[in-house]
Amino acid sequence: LYQEHRTVLSIDHGFKPDLTATLLFPYVEKSLDTVALGTQRASGIGDASVLLKYRVVDKGWKRSAFYVALIGGAELPTGTTSERDAGVRLAPGLQPGSGSVDPFVAVSATLSLDRFRFDNTVFYKVNTEGSQDFDEGDFFSVSSSVAYRFLHTRYPGPTASVKVGLQYRHQGRDQISDVNVASSGSDELLARFGVTLHPKPAWDIKASVDVPVYQDVNGMQLAQDVRLFFGM
């Protein structure tokens, strides 16, 4: 059984209406329970991310809008990679950090029609070699969702919405010293269900759950069970 908990601080700054910078600072807790080794745990600062989002399309009309944004950035090797258990250095997958610089790009489009909102995102991240000569496989995802605002009151009153969506995720094979790891890499399709509450102008509260619909893992690996998200 493998469990991972991430607490992420996000800082955003808008340079102008169509250009935003974001910094993400995670604190990571990981644990792995096996029959052979018992329980191994690690915690600490994870890899920070910096990204820029530039809105290239901004169309608005009565009670509707359409946006397209380009996103680029990188995960930086700020996390610890030397955690030990019983004096033994933990495997790369259990370390809070990767020790690598991992650039990523994305394209995101949003269409709002009255109380409905449609979001689509394509994301690709290049994972480079980090600590212990470990190179996690590149990551690619495509996601699509639709949200409906079921509660809508006059500003600055509260609003609330529900969301359903699908995400396809592909993880390439890992490498150690430029040699492919047999039991690595995966393809999965996740269903997402979420709710967002906007109680007043300065606050957003979100919760969602990802449930696997389809999974294909190579070799002997742990499959994904469920992913929970809560944010303010």
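This is a stepwise tour of a predicted model, strand by strand and then through selected side-chain contacts.

**The first hairpin**

Start by selecting residues 2-16, which are β1, and add residues 19-34, which are strand β2. β1 and β2 run antiparallel and are joined by 14 bridges. For a point of reference in this pair, show D12, which stands opposite T22 in β2. The two strands form a hairpin with 2 residues between them.

Now select P17, in the loop between β1 and β2. P17 counts as exposed, because its relative accessibility is 77% and the cut-off for exposed is over 50%. Add Y54 and draw the C-alpha to C-alpha distance from P17: the two are 37 residues apart in sequence and 9.1 Å apart in space.

**The other partners of β2**

Keep β2 on display and add strand β3, residues 38-45. These two strands run antiparallel, with 8 bridges between them, and a hairpin of 3 residues makes the connection. L32 has Q40 in β3 as its bridge partner.

Next add strand β4, residues 49-61. β2 pairs with β4 in the antiparallel sense as well, over 6 bridges. Here the residue to pick is L24, which stands opposite S49 in β4.

Stay on β2 and select Y27. Is Y27 buried, exposed or partly exposed? Y27 is partly exposed, at a relative accessible area of 34%. Leaving out neighbours within four places in sequence, the residues in contact with Y27 are H5, R6, T7, S43, G44, I45 and G46. Of these, H5, R6 and T7 fall within β1 (2-16), while S43, G44 and I45 fall within β3 (residues 38-45). For a distant point, select V142: from Y27 the C-alpha to C-alpha distance is 26 Å, with the two positions 115 residues apart in sequence terms.

**R55 and its neighbours**

Select R55, which is partly exposed with a relative accessible area of 31%. Show D58 too: R55 and D58 form a salt bridge, and their closest N and O atoms are 3.3 Å apart. Then show the ring of Y67. R55 lies over the face of that ring, 4.4 Å from its centre.

**Strand β8 and its two sides**

Move to strand β8, residues 102-113. Colour D102, F104, A106, S108, T110 and S112 for the covered face. Use a second colour for the uncovered face, made up of P103, V105, V107, A109, L111 and L113.

Add strand β5, residues 64-75, which pairs with β8 in the antiparallel sense over 12 bridges. L70 has V107 in β8 as its bridge partner.

Then add strand β9, residues 116-125. β8 and β9 run antiparallel, joined by 10 bridges, and A106 has F123 in β9 as its bridge partner. These strands form a hairpin with 2 residues between them. Select D114 in the turn to see a positive phi of about 55 degrees.

With β8 and β9 still shown, add F139. Which residues form an aromatic cluster with it? F104 and F123 do, giving one cluster of three rings. The structure holds 4 aromatic pairs.

**Salt bridges**

The count of salt bridges is 8. Select D119 and R117, whose side chains meet in one of them at 2.9 Å, N to O. D119 counts as buried at 12% relative accessibility, whereas R117 is partly exposed at 41%.

Go on to E188 and R169, where the salt bridge is 3.2 Å, N to O. E188 lies in strand β15 and R169 in strand β12 (residues 159-171), so this pair ties together parts that are 19 residues apart in sequence. E188 is buried, with a relative accessible area of 8%, and R169 is buried at 18%. Next select R192, D210 and R227, which are joined into one network by salt bridges that share partners.

**Last stop: S184**

Finish at S184, in the loop between β14 (179-180) and β15 (186-198). Although in a loop, S184 is buried, with a relative accessible area of 1%. What does its side chain reach? It reaches the backbone nitrogen of D174, at 3.0 Å. Not counting residues up to four places away in sequence, S184 touches R173, D174, N218 and Q221.

Key. Residues are numbered from 1 along each chain as its sequence is written. This is a predicted model: local features need pLDDT of at least 70, side-chain atom pairs count only at pLDDT 80 or more; totals for chains, interfaces and linings use all residues. Side-chain values use heavy atoms; hydrogens and water are left out. Helices (H or I, at least four residues) and strands (E, at least two) are DSSP runs, numbered from the N terminus. Buried means under 20% relative accessible area, exposed over 50%, partly exposed in between (1.4 Å probe, protein chains only). Contact means heavy atoms within 4.5 Å. Two strands pair if DSSP finds at least two bridges between them. A polar contact is a pair of N or O atoms within 3.5 Å; within protein, one must be able to donate a hydrogen and the other to accept it, and residues adjacent in sequence count only if both atoms are side-chain atoms. A salt bridge is a side-chain nitrogen of Lys or Arg within 4 Å of a carboxyl oxygen of Asp or Glu. Rings of Phe, Tyr and Trp (its six-membered ring) pair if their centres lie within 6.5 Å; planes under 30 degrees apart count as stacked, over 60 as edge-to-face and the rest as tilted. A charge sits over a ring if NZ of Lys or CZ of Arg is within 6 Å of the ring centre and within 35 degrees of the ring normal.
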